Amino acid sequence: SLLACGICQGSAQMDITSLTGVVGQQSLLVIENAPEDVQEYSWHRGANDTEENLIISYNATSHSQQKGPMYSGRESVISTGALLIEESRLNDTGNYTVRAAAINDTQRATGWLEVQEFEIPGISVNASIVLEDVDSVAAICHTNDTEVQWYVAHTLVSSSESTAISPDTKTLIIKRVKNYDSPLQCGVKIVLGTVIQRSELIYLTMAYGPSYVMILSEPRNDNGILPAEIGSQVEMVCVFNGAPESKYRWIHNGSLLSFSEKNIILPSLTWDQMGRYRCIVENNLTQLTLYEEVQVQRPREVHGPVQPAHPIPCCSLPPGKSVCMTVRLRPGGQDLMGKEVRGE
């Protein structure tokens, strides 16, 4: 009928969106203006829809898929009829034909997929070890692309008070770099600006500290006093906050020890090993030095409630008496019987 012809002439022709794919990533061939109530989509490799060129077909009613001779194991059809190709390869480039079979209509369309292999951008920095909150660092993205994106600690950044990006976008400068300004990465836009190809990650080594030094020990020290018995084992560990790993020096009673590690173990404590130990931490990059000390000594004696006995002078006795008594005092002026002693 004329009405039917008018509908045919006025309806848009089914088509496949032209796409550019990237090696190793997904490619999606999208159908535009498909007829309504499609019962089956079938995708074919090449410019026609012959059975020998069939990749895969999809039944929209049962949601089942049927593999064809050109199926590679990486293709699937999603519910909209689009063809999804996993891990695209260079030889996936070429024509693809889709046939959409509806109840009263069957349409065909052919589209071209271009799979390209993009070079990964390179990245370099002027210094990999920097002083925190002092040094600046400059990173360069090595690419022929004219629009580079920069990422600091995995976050997209732009020019600000702390960062500056060159007019050609290929250089990033971080002013007074912080401990959290790492890693650095650059990226370029590919595939119609929807996919970002990123460089490797560059990690910065921050030099800072020390701002404190502590000596942990076994037995535990309290306010710089480490109590230990002769013959017991003593271990001391020097810890600090800072980077990179610093140098350690141990001083014992004013004499430099031969230890260069951060810990000292004395398996059997001797009298000569008693005394004051000082751990000195030196950071060559920050030029900062700090130390901490502990005093190794025997535990203090703990006295009981009875003080050591001491004699009281014999009291005056009547003539002819030769007995003299010695009384031991408890704290508070009491004798051993608990009675108060008076100075009579």
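**Figure 1. The loop between β17 and β18, with T169.** In this predicted model, T169 is found in the loop that runs between β17 (163–165) and β18. Although T169 is not a glycine, its phi is positive, at about 65°. The relative accessibility of T169 is 18%, and because buried means under 20%, this residue counts as buried.

**Figure 2. The loop between β28 and β29, with Q287.** A positive phi of about 65° is also found at Q287, which is not a glycine. Q287 has its place in the loop between β28 (275–283) and β29 (288–297). With a relative accessibility of 65%, Q287 counts as exposed, whereas T169 in the previous view counts as buried.

**Figure 3. Two cis peptide bonds that lead into prolines.** The bond from S182 to P183 is cis, with omega near 5°, and P183 lies in the loop that joins β18 (171–174) and β19 (184–190). A second cis peptide bond runs from E218 to P219, with omega near 5°. P219 is found in the loop between β22 (213–218) and β23 (225–227), and E218, on the other side of that bond, belongs to the alternating side chains of β22 shown in Figure 4.

**Figure 4. Strand β22 and its pairing with β24.** In a regular strand the side chains alternate between the two faces of the sheet. Along β22, the side chains of V213, I215 and S217 point to one face and are buried, while those of M214, L216 and E218 point to the other face and are not buried. Strand β22 pairs with β24 (residues 234–240) in the antiparallel sense, over six bridges. Within this pairing, M214 of the face that is not buried stands opposite V239 in β24.

**Figure 5. The surroundings of N283 in strand β28.** N283 has its place in strand β28 and is buried, with a relative accessible area of 3%. What lies around the polar atoms of the N283 side chain? The backbone oxygen of Y208 lies 3.3 Å from a polar atom of this side chain, and the backbone nitrogen of L285 lies 3.0 Å from a polar atom of the N283 side chain. When neighbours within four places in sequence are left aside, N283 is in contact with Y208, G209, P210, A243, P244, S246 and L288. Y208 thus appears in this view both through its backbone oxygen and as one of the contact residues of N283.

**Figure 6. The aromatic pair of F240 and Y248.** A pair of aromatic rings is described by the distance of the centres and the angle of the planes. The count of aromatic pairs comes to one. This pair is formed by F240 and Y248, with 6.1 Å from centre to centre and 70° between the planes, and it is edge-to-face. F240 is buried, with a relative accessible area of 15%, and Y248 is buried as well, with a relative accessible area of 9%.

**Figure 7. Two arginines placed over tyrosine rings.** The charged end of R198 sits over the ring of Y151, at 3.8 Å from the ring centre. In the second part of the view, R278 lies over the face of Y291, at 3.9 Å from the centre of that ring.

**Figure 8. The open sheet that includes β6 and β7.** Six strands form an open sheet with mixed pairing, in the order β2-β11-β10-β5-β6-β7. The edge strands are β2 (19–22) and β7 (64–67), each of which pairs on one side only. Neighbouring strands of this sheet are turned against each other by 25° on average, with direction ignored. Strand β6 (residues 54–59) pairs with the edge strand β7 in the antiparallel sense, over four bridges, and the bridge partner of Y58 in β7 is Q65.

**Figure 9. The protein chain as a whole, as a setting for the close-up views.** The protein chain has one helix and 29 strands. Of its 344 residues, 33% are buried. Among contacts in the protein chain with a separation of 6 or more, 55% are accounted for by residues 24 or more positions apart.

Terms used. Residues numbered from 1 in each chain as written. Predicted model: local features only at pLDDT ≥ 70, side-chain atom pairs only at ≥ 80, totals over all residues. Heavy atoms only, no water. Helix = DSSP H or I, 4+ residues; strand = E, 2+ residues; numbered from the N terminus. Buried < 20%, exposed > 50% of the residue type's maximum accessible area, 1.4 Å probe, protein only. Polar contact = N/O pair within 3.5 Å; in protein donor to acceptor, adjacent residues only side chain to side chain. Contact = heavy atoms within 4.5 Å. Phe/Tyr/Trp six-rings, centres within 6.5 Å; stacked < 30°, edge-to-face > 60°. Lys NZ or Arg CZ within 6 Å of the ring centre and 35° of its normal. Pairing = 2+ DSSP bridges. Axes fitted to C-alpha atoms, helices over the stretch in contact; angles between N-to-C directions.
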